[in-house]
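Ready for a few exercises? Have a go at each task before you read its solution.

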Amino acid sequence: MLHVILLASAALSQSVSQFRRGPPALAALTVKYDSSRAVAIVTELAQRSIGALPEAEGTARLKSSVLELLAPYGDPALGVPSATFDEIDAKCRALEARNPTGASTAVAALDGAWRVRFSDAPPPSNGALGPLRGRAFQIVDVASRTYRNELSLFGGAVQLSLAATFEQPSASKAALRVAFRTLTATLGGVALPSIQFPTGTERTWLLTYTDADTRVVRAGVDGGRSTARELGLIKQGEGESPDSYAVTLIAP
């Protein structure tokens with residue numbers, strides 16, 4: 001099963017401070033193709049190659065059309081129908097074909113705060129806690145090789161913060177290995193004791209598209225431990241491949 005993650009950056013310090021007062025969230029995606037969408041993508045790529053469609057214009061249009069497809073399903077988008085998944089996936093693959101960021105600079109390009117708009121990873125990574133929709137940010141600190149997934153519910157009265165570390169195993173590949181470290185809940189401004197993730201709770205991120213304000217990432221457990229699986233929240237084997245899940249983060 002293939003899944004796609006689209007993310008966009010809120011790298012301004014104002015965005016980070018706004019998030020700390022009460023952040024955003026994530027949602028889901030499954031991937032398929034049909035011949036008509038494939039033809040549309042090939043046609044657009046051909047138009048761009050002969051100068052009929054400027055690169056920047058085509059890329060901007062792809063990104064805005066993904067947001068338009070997600071808009072009817074809330075922010076973050078939840079319950080996206082499979083037919084809409086297909087359209088989103090086709091547009092994300094077209095973006096990936098234009099990826100302006102190589103493996104050597106992929107990690108540096110992640111620095112900042114990224115707002116989650118859609119993911120098919122298990123909760124709370126999809127921006128929800130059960131049926132409750134929240135707002136989520138992923139805040140990446142490249143210098144320390146750390147990031148936090150921040151989920152805010154009820155206007156910030158309830159907040160969850162997942163702390164993780166990451167490394168780039170190969171400088172020739174735009175892929176990261178991330179390790180979950182702790183999960184902390186804050187209720188009414190009072191932080192509860194952090195929960196430590198078991199050793200080996202890890203994921204692979206494939207950084208398939210990154211620019212100044214947008215990321216497309218494919219991710220999966222890829223041999224790591226999965227707390228959701230161990231608790232019976234997802235099926236055995238689900239999410240195992242390194243391109244299993246999708247997350248969408250977009251700047252406000």
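Buried means under 20% relative accessible area, exposed means over 50%, and partly exposed is in between (1.4 Å probe, protein chains only). This is a predicted model, where local features need pLDDT of at least 70 and side-chain atom pairs count only at pLDDT 80 or more, while totals for chains, interfaces and linings use all residues. Residues are numbered from 1 along each chain as its sequence is written, and side-chain values use heavy atoms, leaving out hydrogens and water.

**Exercise 1.** Find out how many helices and strands the protein has, and what share of its residues is buried.

*Solution.* Start with the DSSP runs: helices are H or I runs of at least four residues, strands are E runs of at least two, and both are numbered from the N terminus. That gives six helices and 13 strands. Next, take the 252 residues: 49% of them are buried.

**Exercise 2.** Work out which residues have the most contacts inside the largest nonpolar core, and which strands feed that core.

*Solution.* Here's the background: in soluble globular proteins, nonpolar side chains tend to be buried together. A nonpolar core is a set of buried Ala, Val, Leu, Ile, Met, Phe, Trp, Tyr and Cys residues joined through side-chain atoms within 4.5 Å. The largest one here has 18 residues, and Tyr 147, Leu 176 and Trp 205 have the most contacts inside it. Two or more residues each come from strand 7 (158-167), strand 8 (175-187), strand 11 (202-210) and strand 12 (215-220). A second, separate core has 14 residues, including Leu 69 and Phe 118.

Now zoom in on Leu 176, counting a contact as heavy atoms within 4.5 Å. Beyond its neighbours within four places in sequence, Leu 176 touches, among others, Val 107, Phe 166 and Trp 205.

**Exercise 3.** Is Lys 63 buried or exposed, and which residues does the salt-bridge network join to it?

*Solution.* First, check the accessibility: Lys 63 has a relative accessible area of 17%, so it counts as buried.

Second, look for salt bridges, each a side-chain nitrogen of Lys or Arg within 4 Å of a carboxyl oxygen of Asp or Glu. The structure holds eight. In one of them, Asp 211 pairs with Lys 63, with the closest N and O atoms 2.8 Å apart. Asp 211 sits in the loop between strand 11 and strand 12 while Lys 63 is in helix 3 (residues 55-70), so this pair ties together parts 148 residues apart in sequence.

Third, Asp 213 also bridges to Lys 63, at 2.8 Å from N to O. Asp 213 is partly exposed, at 36%.

Finally, put the pairs together: shared partners join Lys 63, Asp 211 and Asp 213 into one network.
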